[in-house]
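Student: Before we begin, could you show me the model, so that we can go through the terms used for it one by one?

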Amino acid sequence: MLRAQTGCRKIFLAATLGCLAAAIPPFSGVSGAPMTGPADKAVKAPSPAPGTTLKLSLDEAIALFLRENLDLLITKYGIDSAKGQQITASLFPNPTASVGTLSSYTQGHTLSNSGQMFAQVQQLFELAGKRGYRIESAAFGTQSAEAAFEDAIRQLSFTVKDTYYRIQLAQRRLALAEENRDRFSRILEVNTIRFKKGYIAEVDLIRIRLQFIDFQSQVIQSIQESDSSRSDLRQLLRLSPATQLELTTDLAYKRLDPDIGKLRTAALEIRPDVRVKRLTYSQREADLRLARAYRVPDVTVGGGYAIQGSKGPDNPGQVALNLGVPLPLFNRNQGGIMQAEVAVQMAEADLGKTLNQVENQVDVAYRNLIQSRRLIEAFLGGVLDDARSSLTIVERAYERGGATILDLLDAARTSRTIQQNYIEALYNYQHNVIQLENAVGQEITS
């Protein structure tokens with residue numbers, strides 16, 4: 001079941017823009033809303049002081065990301081710029097005012113007694129709906145910028161979620177490696193004593209020691225992976241390196257069985273990048289109408305008043321009216337129309353390309369989800385318990401002399417591989433879930 005967002009898109013965008021606008025002057029945080037839900041249900045994430053431990057659920061991480069991420073703030077400026085262009089498009093041309101003098105210097109005439117002073121105001125009037133087409137094009141540009149902002153939220157939210165779960169993956173790997181290391185630490189201690197008493201061969205002790213070192217190296221590798229992922233998340237959330245993160249949303253399995261037909265339909269209707277392409281296409285069509293309107297010349301209407309000196313004719317005050325119309329003999333904006341027509345064709349092709357990409361992305365993400373779900377459920381069918389039980393059984397048998405060191409090492413490696421593969425499959429499943437959500441453009445709940 002898809003969470004409906006079309007109705008609340010404007011509410012969400014307005015709330016998010018308001019949050020970011022309040023945050024821009026000091027570049028500090030105010031509350032925001034996750035992409036996957038209405039703004040009025042957003043989780044307000046805390047703003048930690050550097051050096052403290054910050055507990056974050058996945059929803060709180062998304063909310064903090066919306067408040068603090070600089071990439072979103074930069075994208076938000078694009079909306080303000082488009083709104084500025086929209087204001088400019090709606091303005092009328094300014095009138096032109098001119099003042100001049102005219103005089104004859106023959107037969108004793110001077111500027112003071114026979115000159116003429118005149119003032120004139122001219123106004124350009126645009127015809128054929130040019131101003132309306134400009135306003136229409138600029139409005140599409142603003143809507144496109146808003147959709148691009150939503151698309152930035154969609155893509156960056158996917159990165160936040162994936163990074164969040166990569167930390168959880170590293171933590172699960174670390175817990176497994178520490179468990180295996182501690183188990184073989186005890187086995188090594190016991191067998192060191194047995195070797196000193198001559199109960200086992202030195203080669204068996206060496207094998208146990210090497211296996212212990214292997215598990216210890218896995219612990220260190222998992223710690224490094226966890227630190228690296230935590231650093232990535234801190235950068236996304238604009239947190240200090242001294243801030244310790246404690247993630248509270250576990251990497252757990254929740255079965256989802258979405259309808260692929262509904263997913264495709266929803267993606268083509270609501271994905272922000274698709275709306276950007278559609279709005280761009282509409283804007284290019286408006287630009288084409290504007291270019292064709294420029295074939296019609298604009299009219300300049302002027303009016304003025306002239307005052308003559310004392311030796312002028314009998315009409316010392318004169319009123320002038322004029323009308324100016326360019327003659328479209330040569331330039332009828334042929335080049336501009338051709339460019340606008342090509343721009344429409346390019347926008348149409350780009351839209352078709354995007355629609356095809358979206359359909360394929362949804363299809364691939366859905367198939368990956370189904371396959372990873374099958375793998376998870378295979379592990380949950382009892383394989384994990386069997387792997388743990390087999391290692392415990394072989395370990396006890398080895399202590400009683402009923403199994404060799406090679407049997408023990410083989411059981412340990414098998415158990416570790418099965419459990420590690422399960423953790424990887426769990427992460428891959430969750431990764432495929434958020435990948436499908438990213439492909440569709442909204443959260444998938446069932």
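Tutor: Here it is, and please keep in mind that this is a predicted model. Let us start with Ile220, whose place is in helix H6 (residues 202-237).

Student: Why is Ile220 called partly exposed?

Tutor: The relative accessible area of Ile220 is 43%, and the term covers values between the 20% under which a residue is buried and the 50% over which a residue is exposed, so Ile220 counts as partly exposed. In addition, Ile220 and Leu174 are 46 residues apart in sequence, while their C-alpha atoms are 8.2 Å apart in space.

Student: How do you know that H3 and H5 are roughly antiparallel?

Tutor: The axes of helix H3 (residues 70-90) and helix H5 (residues 130-196) come within 8 Å and cross at roughly 175°. Angles over 145 degrees count as roughly antiparallel, and H3 and H5 are therefore described in that way. The residues of their contact divide into 13 nonpolar, 7 polar and 6 charged.

Student: What makes the length of H5 agree with that of a helix of 67 residues?

Tutor: At 1.5 Å a residue, the 67 residues of H5 should span 99 Å, and the C-alpha atoms at its ends are 97 Å apart, so the two values agree. H5 is followed by Gly198, which has a positive phi near 85°.

Student: Which values are set against each other for H10?

Tutor: For helix H10 (residues 405-440), the 36 residues should span 52 Å at 1.5 Å a residue, and the end C-alpha atoms are 52 Å apart, which agrees. Just after H10, Gly441 takes a positive phi of about 105°.

Student: How many aromatic pairs does the structure hold, and why is the pair of Tyr253 and Tyr429 called tilted?

Tutor: There are 4 aromatic pairs in the structure. The ring centres of Tyr253 and Tyr429 are 4.9 Å apart, with the planes at 55°; since a pair needs centres within 6.5 Å, and planes under 30 degrees would be stacked and over 60 edge-to-face, this pair is therefore tilted. Tyr253 lies in the loop between strand S4 (244-247) and helix H7 (260-270), whereas Tyr429 is in helix H10, so the pair ties together parts that are 176 residues apart in sequence.

Student: Are Tyr253 and Tyr429 buried or partly exposed?

Tutor: Tyr253 counts as partly exposed at 23% relative accessibility, whereas Tyr429, with a relative accessible area of 1%, is buried, the cut-off for buried being under 20%.

Student: What makes the pair of Phe379 and Tyr422 edge-to-face?

Tutor: The planes of Phe379 and Tyr422 are at 65°, with 5.8 Å from centre to centre, and an angle over 60 degrees counts as edge-to-face. Phe379 lies in helix H9 (residues 334-399) and Tyr422 in helix H10, so this pair ties together parts that are 43 residues apart in sequence. Phe379 and Tyr422 are both buried.

Student: How do you know that Arg131 lies over the face of Phe92?

Tutor: Arg131 is at 4.1 Å from the ring centre of Phe92, and the limit for a charge over a ring is 6 Å, with a further condition of 35 degrees from the ring normal.

Student: Why is a positive phi pointed out in a residue other than glycine?

Tutor: Most residues other than glycine have a negative phi. Ala128, in the loop between strand S3 (116-125) and H5, has a positive phi near 65°, and Arg238, in the loop between H6 and S4, has a positive phi near 55°. Ala128 is partly exposed, with a relative accessible area of 38%, and Arg238 also counts as partly exposed, at 31%.

Conventions. Residues numbered from 1 in each chain as written. Predicted model: local features only at pLDDT ≥ 70, side-chain atom pairs only at ≥ 80, totals over all residues. Heavy atoms only, no water. Axes fitted to C-alpha atoms, helices over the stretch in contact; angles between N-to-C directions. Helix = DSSP H or I, 4+ residues; strand = E, 2+ residues; numbered from the N terminus. Parallel < 35°, antiparallel > 145°, perpendicular 65-115°, else oblique. Nonpolar A, V, L, I, M, F, W, Y, C, P; charged D, E, K, R; others polar. Expected span 1.5 Å × (residues − 1). Phe/Tyr/Trp six-rings, centres within 6.5 Å; stacked < 30°, edge-to-face > 60°. Buried < 20%, exposed > 50% of the residue type's maximum accessible area, 1.4 Å probe, protein only.
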